[in-house]
Amino acid sequence: MHDFQKVDIEQMEINPFRMIGKDWMLVTAGNERKANTMTASWGGVGIMWGKNVAYVFIRDSRFTKEFIDREGRFSLSFPAEQYRKEMKFLGTVSGRDEDKIREAGMHVGYYDGVPYIDEGSLILICRVMSGTPIRKEDFWDRAIDEKWYAEQDYHMMYIAEITDIMAR
Ligand SMILES: Cc1cc2nc3c(=O)[nH]c(=O)nc-3n(C[C@H](O)[C@H](O)[C@H](O)COP(=O)(O)O)c2cc1C
């Protein structure tokens, strides 16, 4: 397990377009008995309801979604470039079918009971504030529905308070 230090959010200088969209993140949820993780490249950070928040979009079919819905908490881990191959794997295989975290050679740590992927160099600990289903009828741009939801596997949009940040 790595040593992490707590980070003051006001001191952070991050580029979410690069960190989330290009380098990707791991969304991890569960408890001390069982945790699951998946790769995500859609989402963001910002301010909502007076809180520092992260928002993620998780399709109904993802095993990780069951853990988020059960626990109401999750983490976002940002591993270094050297873990690209593992992140592709964690974003292709489902934890329903395999013990994929172990197979990827990665490790789960816990912060205040919330699981995170220890190989991350930055970890955001999050508490779900809202979960809003993306629905067909919400699209002003109908082409999005056709392009991304042909199989009706819609996303849930979670907005979550960032309660703690750790880096190493
Ligand atoms: C680069 C990349 C980005 C991804 N982004 C998302 C995402 O933002 N939301 C989502 O629901 N799935 C996303 N996925 C797909 C999931 O990571 C993938 O379906 C994973 O196997 C789900 O695992 P699980 O069933 O164990 O939760 C992404 C996959 C990759 C490779």
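How many of the residues of strand 6 are buried? In this predicted model, 7 of the 7 residues of strand 6 are buried, and the strand is mostly covered. The legends below begin with this strand and then turn to other parts of the structure.

**Figure 1. Strand 6 (73–79) and the residues that point to either side of the strand.** Arg73, Ser75, Ser77 and Pro79 point one way from strand 6, while Phe74, Leu76 and Phe78 point the other way. The residues of both groups are buried. Strand 6 runs antiparallel to strand 2, to which 3 bridges join it. Within this pairing, leucine 76 of strand 6 is the bridge partner of valine 27. Strand 6 also runs antiparallel to strand 9, here through 7 bridges. Serine 75 has isoleucine 125 of strand 9 opposite it.

**Figure 2. The hairpin of strand 2 and strand 3.** Strand 2 covers residues 25–30 and pairs with strand 3 in the antiparallel sense, over 6 bridges. A stretch of 4 residues forms the link of the hairpin between strand 2 and strand 3. Alanine 35 in strand 3 has glycine 30 opposite it. Strand 3 is largely enclosed by the rest of the structure, because 5 of its 6 residues are buried.

**Figure 3. The shell of residues around the ligand.** There are 20 residues around the ligand, and those that come nearest are Phe63, Thr64, Gly91, Ser94 and Gly95. Strand 3 (35–40), strand 5 (51–59) and helix 2 (63–71) each contribute at least two residues to the shell. The largest share, 4 residues, belongs to strand 3. By residue class, the shell consists of 8 nonpolar, 8 polar and 4 charged residues.

**Figure 4. The buried side of helix 2.** Thr64, Lys65, Phe67 and Ile68 are the buried residues of helix 2. These residues lie on the same side of helix 2, because they cover an arc of only 160° around the axis. The elements that cover them include strand 2, strand 3, strand 5, strand 6, strand 9 (120–133) and strand 10 (155–167). Just after helix 2 comes glycine 72, with a positive phi of about 70°.

**Figure 5. The largest nonpolar core and alanine 54 within it.** This core has 34 residues. The residues with the most contacts inside the core are Met25, Val27, Ala54, Leu76 and Cys126. If residues up to four places away in sequence are not counted, alanine 54 touches Gly43, Val45, Leu76, Leu124, Cys126, Ala160 and Ile162.

**Figure 6. Histidine 155 and its contacts.** Histidine 155 is located in strand 10. It is partly exposed, because 18 other C-beta atoms lie within 10 Å, a number between the limits of 12 or fewer for exposed residues and 20 or more for buried ones. Apart from neighbours within four places in sequence, histidine 155 is in contact with Phe57, Ile58, Arg59 and Ile134. Histidine 155 and isoleucine 58 are 97 residues apart in sequence, yet their C-alpha atoms are 5.0 Å apart in space.

**Figure 7. Aspartate 97 in the loop between helix 3 and helix 4.** The loop that holds aspartate 97 lies between helix 3 (84–90) and helix 4 (100–103). With 8 other C-beta atoms within 10 Å, aspartate 97 is exposed. Aspartate 97 is 34 residues from phenylalanine 63 in sequence, and the distance in space from C-alpha to C-alpha is 9.6 Å.

**Figure 8. Tryptophan 49 and aspartate 112, two residues with a positive phi.** Most residues other than glycine have a negative phi. Tryptophan 49 has a positive phi, near 50°, and is a residue other than glycine. The loop between strand 4 (43–48) and strand 5 is the place of tryptophan 49. This residue counts as exposed, because it has 9 C-beta neighbours inside 10 Å. Aspartate 112, which is not a glycine either, has a positive phi of about 50°. Its place is the loop between strand 7 (108–111) and strand 8 (114–117). Aspartate 112 counts as exposed, with 9 C-beta neighbours inside 10 Å.

Terms used:
Residues numbered from 1 in each chain as written. Predicted model: local features only at pLDDT ≥ 70, side-chain atom pairs only at ≥ 80, totals over all residues. Near = placed C-beta within 6 Å. Nonpolar A, V, L, I, M, F, W, Y, C, P; charged D, E, K, R; others polar. Pairing = 2+ DSSP bridges. Core = buried A, V, L, I, M, F, W, Y, C linked by C-beta atoms within 7 Å. Contact = placed C-beta atoms within 7 Å. Arc of directions from axis to C-beta.
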